[in-house]
Amino acid sequence: MTEETIQLLTPQDCLVAVMVAVSASDEDIRTAELVKIQNAINMLPIFAEYDADRIAAVSRTVFDLFEQEDGLDALFGLVREILPERLNETCYALACDVAAADGKLNEGELRLLEEIRYEINVDRLHAAAIERGARARHMV
């Protein structure tokens with residue numbers, strides 16, 4: 001990834017990248033997860049001015065990073081650099097919603113959520129509340 005690519009990423013791109021990463025964490029991107037990502041982009045105020053055509057490019061960036069040995073670390077580095085701290089809990093909430101979208105959490109998703117929580121410094125108590133809310137929204 002070039003320095004120019006990094007400079008072109010927005011905070012919203014970082015949110016999309018984390019959602020895509022969570023969806024891809026189990027190597028099986030499910031329709032429910034993609035729908036959850038699309039709905040978040042279409043409905044949430046943080047994405048009001050976001051160009052949804054950027055989703056494909058951001059997704060390719062995530063997949064390219066995942067092919068590298070330290071790709072996950074690079075992704076977190078980008079997120080920490082670009083995402084304002086005030087959006088860290090939003091980021092974690094979106095990640096939890098994508099992980100819960102298909103009604104089950106697998107080991108890969110759980111590990112990635114833990115890593116996200118640590119990397120973007122979401123307080124454990126706040127994370128528990130966010131997780132509880134995601135679980136409640138996706139109960140069947």
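**Figure 1. Close-up of D102, a residue in the loop between α6 and α7.** The model shown in this and the following views is a predicted one. The side chain of D102 is joined to the side chain of R30 by a polar contact of 3.3 Å. A polar atom of the D102 side chain also lies 3.2 Å from the backbone nitrogen of K104. When neighbours within four places in sequence are left aside, the residues in contact with D102 are R30, A32 and E33. R30 therefore counts among the contacts of D102, since contact means heavy atoms within 4.5 Å, and the polar contact between the two side chains is 3.3 Å.

**Figure 2. Close-up of E107 in helix α7.** E107 is exposed, with a relative accessible area of 52%. This value places E107 in the exposed class because exposed means over 50% relative accessible area. S25 is also included in the view: E107 and S25 are 82 residues apart along the chain, and their C-alpha atoms are separated by 9.3 Å.

**Figure 3. Close-up of N121 in the loop between α7 and α8.** The phi angle of N121 is near 60 degrees, a positive value in a residue other than glycine. N121 is exposed, and its relative accessible area is 63%.

**Figure 4. Close-up of helix α8, which spans residues 124-137.** The helix has 14 residues and reaches 20 Å from its first C-alpha to its last, close to the 20 Å expected at 1.5 Å a residue. At the start of α8, the backbone nitrogen of L125 has a side-chain oxygen of D123 within 3.0 Å.

**Figure 5. Close-up of the buried and exposed residues of α8.** Which residues of α8 are buried? They are A127, I130, G133 and A134. These residues cover an arc of only 125 degrees around the axis, so they lie on the same side of α8. The buried residues of α8 pack against two other helices, α6 (88-100) and α7 (107-119). On the face of α8 turned away from its buried side are the exposed residues L125, A129, R132 and A136.

**Figure 6. Close-up of the largest pocket, with about 330 Å³ of space.** The lining of the largest pocket is made up of 19 residues. Among them, A100, L105, E131, A134 and R135 lie nearest the centre of the pocket. The elements that give two or more residues to this lining are α6, α7 and α8. Which element gives the most to the lining of the largest pocket? It is α8, with 5 residues. A134 thus appears in two of these views: it is one of the buried residues of α8, and it is one of the residues nearest the centre of the largest pocket.

**Figure 7. Close-up of the largest cavity, which holds about 70 Å³ of space.** How many cavities of 30 Å³ or more does a search of the whole structure find? The search finds 1. The lining of the largest cavity consists of L9, D13, C14, A17, V58, T61, V62, L65, L75, L78 and V79. Two or more of the lining residues come from each of the helices α2 (11-24), α4 (54-67) and α5 (71-82). The largest share of the lining, 4 residues, is given by α4.

Note on methods: Residues numbered from 1 in each chain as written. Predicted model: local features only at pLDDT ≥ 70, side-chain atom pairs only at ≥ 80, totals over all residues. Heavy atoms only, no water. Expected span 1.5 Å × (residues − 1). Buried < 20%, exposed > 50% of the residue type's maximum accessible area, 1.4 Å probe, protein only. Arc of directions from axis to C-beta. Polar contact = N/O pair within 3.5 Å; in protein donor to acceptor, adjacent residues only side chain to side chain. 1 Å grid on protein atoms, 1.4 Å probe; cavity = no way out; pocket = protein on both sides within 12 Å on 5 of 7 lines; lining within 4 Å. Points joined across faces, edges and corners; volume = space filled by probe spheres on them.
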